[in-house]
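Work through the exercises below with the model open beside you. Try each task before you read its solution.

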Amino acid sequence: MQQLTLSARQRRALATICDTLCPAGDGLPSATELGVPEAVVALVARDPRPAARRELKQLLSAWDSAPLTYAIGHGWNRFSALPQERREQALLSWCDSRIPQRRAAFQALRKGALLMYWALPARDGTANPAWATLGLPAPPGPPADAPPKALRPLAEPAAGTTLQCDVAIVGSGAGGGVAAAVLSAAGLDVIVIEAGGYWDDEDFDGGELRALTQFYAGSPTATHDQGVALIAGACLGGGTVVNYSTSFRTPDDVRAEWAAHGVPAFTSDDYGASLDAVVARLGVNQEHNEPSSRDRKLRAGALALGWHVDAMPRNVDGRCDMGEQCGRCGLGCRLGAKQSVVKTWLRDAADSGARLLVGTKVERVVIEQGSARGVRARTAGGGELTVRARAVVAACGALHTPALLMRSGLQNQHLGKHLKLHPATAVWGVYDEELRPWEGTMQALYSDQHRDLDGDGYGVKYETAAALPHLAVPFFPWRSRRQHHELMEALSSSVAFGVLLRDRDGGEVRVGRDGEPLVRYALSRRDLAHMRTGVEGAARMHEAAGARRIFSSQSRLVAYEPGTNGGAEAARAEFLRAVDACGWGAGRTQYASFHIMGSARMGGAAATSAVAPNGETWDVRDLWVLDGSAFPSAPGVNPQVSIQAVAHMGARALAARLA
Ligand SMILES: Cc1cc2nc3c(=O)[nH]c(=O)nc-3n(C[C@H](O)[C@H](O)[C@H](O)COP(=O)(O)OP(=O)(O)OC[C@H]3O[C@@H](n4cnc5c(N)ncnc54)[C@H](O)[C@@H]3O)c2cc1C
């Protein structure tokens, strides 16, 4: 990680912004007292893009100047000289600005500062006093009885080393982990190269700080305009280490759609066999599904309306407590219950002799006479490493796989296109009783009531997730210190119904001059109409479940109380009008993507896709894409099982080729 050094002026500006968002009060420390500005700098330093650092520095250099404050309508004053209330108004003028770049800057600062405010412990290492105002317990710390780590990654090779193997696999997540197991079981010599570190039970302290800064990807964390937060794992096992263990098979109508895209195998027994193998290896079951308070509200609302609700299939075993620990599932499972690829496929791969390299970032694929012959990588210590191979599997996730292939010179017109994000927003219900939404089975129930809104399989899925601050803060509006703390203090009685959109019209991954991915994405008119139906549907479920107050994830606080204003129908109609007035675009509605897919899609011809039906790129022989990038379209269900099945089927084809 490179250092990010701010000048004294820039540091002062950042501290004033953080302290405006989170000043001291009511016995709670200010952002600077907690060390938030330093933590924000450390977050930005994880981003390898020079532009990200430059933009932050430029903004902070200009921030505390009278001309800038004047330009946003707050008189000829320096920001730091304004009283708190006027500084809040100045920040809100960025939040509500008609200029997208200003909204993006506000959202980036808001999320960075608030995430760290709620994630950091006190400076002396004791519990952050703000947690007590929520009733939120301090993180439990690493488990005392964690088993020793089962995998033995290679020691960092000396600079200039060249390793030889049959297949070099780049990335060790859902796709790469499965490919490693299948290929090494076929007797091939496999090296898995993973940019992140190896973390397992003994490292999972249940704290948001460690997870956010070590297990999750540091870049890109949002689309170019901050419109959609991009959330991905970046460690051995990739997203499967931090994901929520929901394990749906690919729905039949999605398989048919994918087959119609020129990949008939998706409706064949071949793909069916891969799905079966994945579900069996992950131990997917519906036996560990005790509904949390959140899911009980979802069920109550859905049943009262006569809507669909069902149990999630999950890849956990009997160690899952479905209680306090399970709510921290996204920070790494402290109980060893989640069957990530670290616990399953990568173990199988290592048992069959696969070698694992961690902390090693692949920079490009070595292409000789039109065929992939290995990769060039950089180790954690900065040394160059070459891995020579008969074939290369790109499995870096749907942002980094297209970036790697573009860096390596591939020019297929579909590479980077058709990016799907399953954008998700949250509709919050505040109830009269304490619900402690950060506890209980991470995801136990879902509703498919609106999965098919136009008869072609596209719509939304309703799910809940445990709401620790890092999952609440990004969706909450911030209008003032007082309003923020009111929402946070009500968190223990609040529940979010997630609206997860099956997006038909996607975005794009490009590669910057620095070689890093840049993401452009905007919801199309049709996708937005589905999202709006979903927001209304989630609000209706909250009403039916008895919520006292309901609010959306807009940049303004848009809320209603179903029991007032002429009844729930009228109040909801007014609520939706207010949501429309606030807007659905970037910086107006908060969206996050946990499912990043489709940016090197598979299809029947090079004219319509980046990857052939077997997973090999059309452009370069022996270069395969076996991760979420290869999806022909969004599956509309949480994707890990489908990604693993795509990798399983593709890796079998690759093994047959190399045999
Ligand atoms: C918080 C969260 C919750 C989720 N919950 C669920 C769920 O409940 N159910 C579900 O089905 N799905 C869930 N998902 C989604 C699912 O985990 C992902 O879709 C899946 O892991 C993606 O698989 P992948 O192989 O495409 O990429 P990833 O699993 O993201 O793996 C890619 C790996 O490549 C590495 N990498 C990137 N670039 C390089 C490089 N240049 N060199 C070397 N290594 C590189 C990365 O560090 C990463 O480890 C969740 C995701 C998140 C983040």
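The exercises go from domains to sheets and then to single residues.

**Ground rules**

This is a predicted model, where local features need pLDDT of at least 70, side-chain atom pairs count only at pLDDT 80 or more, and totals for chains, interfaces and linings use all residues. Residues are numbered from 1 along each chain as its sequence is written, and side-chain values use heavy atoms, with hydrogens and water left out.

**Exercise 1. Find the domains and describe the interface of domain 1 and domain 3.**

Step 1. Set the bounds, which come from an automatic or database domain assignment. Domain 1 covers 8-132. Domain 2 is made of 150-198 + 248-283 + 340-414 + 599-659. Domain 3 is made of 205-234 + 289-333 + 421-594.

Step 2. Take the distance. The C-alpha centres of domain 1 and domain 3 are 25 Å apart.

Step 3. Count contacts, meaning heavy atoms within 4.5 Å. Domain 1 gives 36 residues and domain 3 gives 34.

Step 4. Get the area. The size of an interface is often given as the accessible area lost when the parts come together. Here buried area is the accessible area (1.4 Å probe) that two parts lose on being put together, summed over both. Domain 1 and domain 3 bury about 3000 Å², with 59% of it on carbon and sulfur atoms.

Step 5. Look for charge pairs. A salt bridge is a side-chain nitrogen of Lys or Arg within 4 Å of a carboxyl oxygen of Asp or Glu. Three salt bridges are counted between domain 1 and domain 3. Asp-26 and Arg-481 form a salt bridge through their side chains, at 3.1 Å from N to O.

Step 6. Name the elements. Helices (H or I, at least four residues) and strands (E, at least two) are DSSP runs, numbered from the N terminus. On the side of domain 1 that touches domain 3, helix 1 (8-21), helix 6 (84-95) and helix 7 (100-119) each give two or more residues. Helix 7 provides the largest share, 13 residues.

**Exercise 2. Trace the open sheet of five strands.**

Step 1. Apply the pairing rule: two strands pair if DSSP finds at least two bridges between them. The order is 6-3-2-10-20, and the pairing is parallel.

Step 2. Find the edges. Strand 6 (355-357) and strand 20 (623-625) each pair on one side only.

Step 3. Take the angle. Axes are lines fitted to C-alpha atoms, for helices over the stretch in contact, and angles run from 0 to 180 degrees between N-to-C directions. Neighbouring strands of this sheet are turned by 20 degrees on average, direction ignored.

Step 4. Check one pair. Strand 2 (167-170) and strand 10 (391-394) run parallel over four bridges. Ala-168 has Val-392 in strand 10 as its bridge partner.

Step 5. Add the helix. Helix 21 (640-658) packs on the sheet and touches strand 2, strand 10 and strand 20. Its direction makes about 165 degrees with that of strand 20.

**Exercise 3. Trace the open sheet of four strands.**

Step 1. Read the order: 1-9-8-7, with mixed pairing. The edge strands are strand 1 (161-164) and strand 7 (361-368).

Step 2. Take the twist. The average is 25 degrees from one strand to the next.

Step 3. Check one pair. Strand 1 and strand 9 (384-388) run parallel and are joined by four bridges. Thr-161 is partnered with Leu-385 in strand 9.

**Exercise 4. Which parts of the chain does the pair Asp-166 and Arg-390 link?**

Step 1. Confirm the pair. Their side chains meet in a salt bridge, 3.3 Å from N to O.

Step 2. Place both ends. Asp-166 is in the loop between strand 1 and strand 2. Arg-390 is in the loop between strand 9 and strand 10. They are 224 residues apart, so the pair links distant parts of the chain.

**Exercise 5. Inspect the backbone in the loop between helix 10 and strand 4.**

Step 1. Check the peptide bond. From Ser-219 to Pro-220 it is cis, with omega near -15 degrees. Pro-220 lies in the loop between helix 10 (208-215) and strand 4 (228-230).

Step 2. Check phi. Gln-226 has a positive phi, near 65 degrees, and is a residue other than glycine. Gln-226 also lies in that loop.
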